[in-house]
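Work through the exercises below with the model open beside you. Try each task before reading its solution.

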Amino acid sequence: MFVENLKLITGATGFLGSHIAEQLVNRRERVRVLVRPSSDTRFLEKLDVEIFFGDLNEPDSIRQALKSVDTVYHAAAFVGDWGPWRQFYSGTVETTRNLVEACRRSACPKILHVSSISVYGKQPVIRGEYTEDLPTGQHHWIGDHYGRTKFLAEEQLKGYSNYTIVRPSWVYGPRDHKALPRVFEALRAGRVRVIGSGVNPLNMVYVTDVARGAILAANHPSVHAQAFHLCHHGECTQRDMIDILCDRLKLPPIRRNVSLPLAWCVASAAELAYQLARRPHPPPVTRRALYMIGRPTQFSTARASRQLGWQPEVGIRDGLKLTLDWYAENDAGALESRAS
């Protein structure tokens, strides 16, 4: 029997998970977060949430965390563009399998699974839009551990009776300590080139819009076993984004261009060299970074709009300004030169 509609969040110390927790608390929901003992919980301690220390690789702790829970927001995964396959598989696929099995053995709470449009792989540009019915897991390049494991994580949900999937695109916003800081560092180091003409639209989506979409999907009474794209429609081009960031970082605009095929070859060679040398950190450019910048943007959000009433509310230009303002107030080091 559920008590007061208790919500459980995995990955709440991460980027998107922290925003889901914040919005649920603002909705006056009862929230429990499952976090590892080694996690940084300082932000969560400011919220009115119950912090449960456990591990998604320990089934017993998952079962304890699920007590009285009616909805699970599963935002935990291994996120990145570098690392061994085993690390991605354990952190994304096995953890999802463990959670689903624990839910099945408890009271089958609703699972809102945070996936990604990366489950589709490197799709060719087409006329029209990609819908959620596009086959997944078929166009991943060798070494695309993130996209491949996000696809395999979705597969763990098949056969479970009560789940919904959201597939956001490139999520950005306050409390992102991974993606945009690397972009800032690359710009300051002079490593950034405009890929192609730079006029391709970007489907970046602001983190609060994604959190809101996840909550809408989790709470819709008639939505089950469906996936929803949570993407922006591409009002901002690659060159626009680079110019906005260079202006804020007080850097000269980027004038050099490189074709996407050439950049892809360079990134492939760099990744191979770093793998052979057993480097723990990624090369200056990776294929996943190029994919995020150069992939198609025509992912349809019609299903989310029609069934959930969801549309992105924060435009990319406004979202970038809000994000950069947040860095200036909370993580000024990310905006400053590492050499200064």
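Contact means heavy atoms within 4.5 Å. This is a predicted model, in which local features need pLDDT of at least 70, side-chain atom pairs count only at pLDDT 80 or more, and totals for chains, interfaces and linings use all residues. Residues are numbered from 1 along each chain as its sequence is written, and side-chain values use heavy atoms, leaving out hydrogens and water.

**Exercise 1.** Find which residues Ile9 is in contact with, leaving aside its neighbours within four places in sequence.

*Solution.* Start with Gly17, Ile20, Ala21 and Leu24, which are among them. Then add Val31, Arg32, Val33, Leu34 and Tyr73.

**Exercise 2.** Place Ile9 in the largest nonpolar core.

*Solution.* First, the term: a nonpolar core is a set of buried Ala, Val, Leu, Ile, Met, Phe, Trp, Tyr and Cys residues joined through side-chain atoms within 4.5 Å. Buried means under 20% relative accessible area, exposed over 50%, partly exposed in between (1.4 Å probe, protein chains only). Next, the members: the core has 34 residues, and Ile9, Ile20, Val33, Leu44, Tyr73 and Leu112 touch the most others. Last, the sources: helix 7 gives the largest share, seven residues. Helices (H or I, at least four residues) are DSSP runs, numbered from the N terminus.

**Exercise 3.** Sort residues of helix 9 (260–276) into buried and exposed.

*Solution.* Ala263, Trp264, Ala267, Ala270 and Glu271 are buried. They fall within an arc of 130° seen down the axis (directions from the axis to the C-beta atoms), so they line one face of the helix. On the other side, Pro261, Cys265 and Leu276 are exposed.

Key: Helices (H or I, at least four residues) and strands (E, at least two) are DSSP runs, numbered from the N terminus.
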